[in-house]
Amino acid sequence: MTSIPRAKAFVLTIALPLLYLAGVSPDAPASLTLVSEARAVVGAPLTPVSAAGVARRTTRRVVVAESSATQASAATTATAQQQAATAQQQSATAQQQSATAQQQSATAQQQAAATRPAGAPAVGAVVATLPAGCKPETRSGVEYQNCGGVLYRAAFQGNNLVYVVQ
Amino acid sequence: MKSTVHRHLLAALSQCFAIAALTTLAAAAHAQSAGVAPEAKQILKASTDFLASQQRFTADTRNTLEIVLKTGQKIEFNSTGRQSIQRPNKLRAERTGDLVDQVFIYDGKSLTLSNPQEKIYAQVAAPGTLEDMLDFARTKLDIVAPAGDLVYKNAYEILMDGVTEGIVVGKAVIEGVLCDHLAFRAPQLDWQIWIQQGAQPLPRKLVITTLDLPNAPQFAITVTKWNLQPTFDAKTFTFTPQAGAKQIDFLPR
């Protein structure tokens, strides 16, 4: 994972279900700030969950904040903090991870707290790419990416590989 | 004098064409106002029934997905894929995009999403049928199988739910195959489907236009190859992590 060069960091504030599909390149232009994508299914299964064609046609919207590699940490921080509220609300999901995951991340947070740099991105924020210069680090059997003192944990959000700030 | 006659002839001819075109449009408009044309329903139903009756098949596909930037500019992304399906409870979908290779495997008990290049995968227990698994992936994990509607045994009901208008546009050729071209409208999306003519009415292309987004972006999928007699082996629907692969979690939706 660390071997993949990340030229840019995209901070996601809302679920980005098909970024993989969309394949938004790390080298994509800076104008990729708010992205909506076409639906890839006509309908939803006729389960009790789907309110007959209403819920299912909810549009997926995607917010991507861009920052260049050189400003990665600063910009990521700024955007991440601005959007932290949204990110945390919407990834109340992210925080409702399994009990073990929470324990593990709690441990990681405690451990990281001591060395957590000022202005680090908000805990629970979800990013699509890591800042430059991350190193893998295993804590309590879980692999994290340590990026300048901030820990990130890989996860799939929909089809997309993302990193959750610990 | 002669040239004048020619001009008149040409004018008459082009009028004929114009009238023919208008008549077609008028017919189409009439069909639209009349709801869903019975012939459109019939062709679609024959196709979904045919696919539902296939116990095992592979489909090689080419996808395009449009996204809309904040500026209104549309950007198109492309990928190719192969879907292998064995009813009632096996699926493998491989997708190759510009940046990421991804494999999705459902073995009847669990589903696995894997990015081989990055050597990571996530695995979770899944319901026991293809249809329930697709529902689960979509509602719980936010994983959408593009054009996944077509895989459901009750694909016709799913596709037609909420449809207000439907017409047979006419004949078309997709990937060299003669098809019927159908067009449907639902409250927030228009969709078109091209269905192979003849004894095997397979869907050959699907286009979905998202109407409630600026500039109405489209998703399109074309089946470049259907195989209704595929050879699957033990590995097709079994996930084996590659050496050094790390397991990660799915974020709940």
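**Exercise 1. The β9–β10 hairpin of chain B**

Task: Determine how many residues lie between β9(B) and β10(B), and which turn residue has a positive phi.

Solution. In this predicted model, six residues separate β9(B) from β10(B) in a hairpin. The turn residue in question is G198(B), whose phi is about 105°. The next step is the pairing itself: β9(B) and strand β10 (residues 203-210) of chain B are antiparallel and share seven bridges. One of the facing pairs consists of L189(B) and T210(B), the latter in β10(B).

**Exercise 2. The other neighbour of β9(B)**

Task: Establish in which sense β8(B) and β9(B) pair, and over how many bridges.

Solution. Strand β8 (residues 177-186) of chain B is antiparallel to β9(B), with eight bridges between the two. As for the connection, β8(B) leads into β9(B) by a hairpin of two residues. A specific pair can then be located: D180(B) has I195(B) of β9(B) as its bridge partner.

The environment of β9(B) follows from a burial count. A residue counts as buried when 20 or more other C-beta atoms lie within 10 Å of its own. Of the eight residues of strand β9 (residues 189-196) of chain B, six are buried, so the strand is largely enclosed by the rest of the structure.

**Exercise 3. Continuing the sheet pairing**

Task: Identify the strands of chain B that pair with β11(B), using the bridges to β10(B) and to β1(B).

Solution. Begin with β10(B), which runs antiparallel to β11(B) and is joined to it by five bridges. Within this pairing, V207(B) is partnered by A220(B) of β11(B). Turn next to β1(B): it pairs with strand β11 (residues 218-227) of chain B through eight bridges, again in the antiparallel sense. Here N63(B) faces I221(B) of β11(B).

**Exercise 4. The setting of E66(B)**

Task: Decide whether E66(B) is buried or exposed, and list its contacts outside its immediate sequence neighbourhood.

Solution. E66(B) belongs to strand β1 (residues 56-69) of chain B. The criterion for burial is 20 or more other C-beta atoms within 10 Å. E66(B) has 21 such atoms within 10 Å and is therefore buried. With neighbours within four places in sequence set aside, E66(B) contacts A38(A) in chain A, together with K74(B), I75(B), E76(B), P217(B) and Q218(B). As a further distance, the C-alpha atoms of E66(B) and V223(B) are 18 Å apart, with their positions 157 residues apart in sequence.

**Exercise 5. The sidedness of helix α2(B)**

Task: Explain why the buried residues of α2(B) lie on the same side of the helix.

Solution. First consider the helix as a whole: α2 (residues 38-53) of chain B comprises 16 residues and spans 22 Å between its first and last C-alpha, close to the 22 Å expected at 1.5 Å a residue. Its buried residues are A40(B), I43(B), L44(B), S47(B), T48(B) and L51(B). Because these residues cover an arc of only 125° around the axis, they fall on the same side of α2(B). The face turned away from that buried side bears the exposed residues P38(B), Q42(B) and S53(B). Finally, the packing partners of the buried residues are α4 (155-160), β7 (165-174), β8, β9 and β10 of chain B.

**Exercise 6. The nonpolar core**

Task: State how many residues the largest nonpolar core holds and which have the most contacts inside it.

Solution. The largest nonpolar core contains 88 residues. Those with the most contacts inside it are A40(A), Y152(A), A155(A), F156(A) and V162(A) from chain A, and L182(B) and I208(B) from chain B. Strand β7 (residues 150-157) of chain A gives the most to this core, namely six residues. Taking F156(A) as an example, and leaving out residues up to four places away in sequence, its contacts are L161(A), L113(B), A122(B), I248(B), F250(B) and L251(B).

**Exercise 7. Confidence in the two chains**

Task: Set out the mean pLDDT of chain B and of chain A, and locate the stretches of chain A below 50.

Solution. Chain B has a mean pLDDT of 89, with 85% of its residues scoring at least 70. Chain A averages 58, and 36% of its residues reach 70 or more. Among the elements of chain A, strand β1 (residues 8-12) of chain A has the lowest mean, 31, and β7(A) the highest, 92. The pLDDT is below 50 over residues 1-33 of chain A, a stretch with 113 contacts in the model beyond near neighbours in sequence. It is likewise below 50 over residues 45-100 of chain A, where the corresponding contacts number 112. For the model as a whole, ipTM is 0.78 and pTM is 0.71.

Terms used: Residues are numbered from 1 along each chain as its sequence is written. Chains are lettered from A and ligands numbered from 1 in the order in which they are written. This is a predicted model: local features need pLDDT of at least 70, side-chain atom pairs count only at pLDDT 80 or more; totals for chains, interfaces and linings use all residues. A residue is buried if 20 or more other C-beta atoms lie within 10 Å of its own, exposed if 12 or fewer, and partly exposed in between; C-beta atoms are placed from the backbone. Helices (H or I, at least four residues) and strands (E, at least two) are DSSP runs, numbered from the N terminus. Two strands pair if DSSP finds at least two bridges between them. pLDDT is the predictor's confidence in each residue, from 0 to 100. A nonpolar core is a set of buried Ala, Val, Leu, Ile, Met, Phe, Trp, Tyr and Cys residues joined through C-beta atoms within 7 Å. Two residues are in contact if their C-beta atoms, placed from the backbone, lie within 7 Å. The expected span of a helix is 1.5 Å times one less than its number of residues. The arc is that of the directions from the helix axis to the C-beta atoms.
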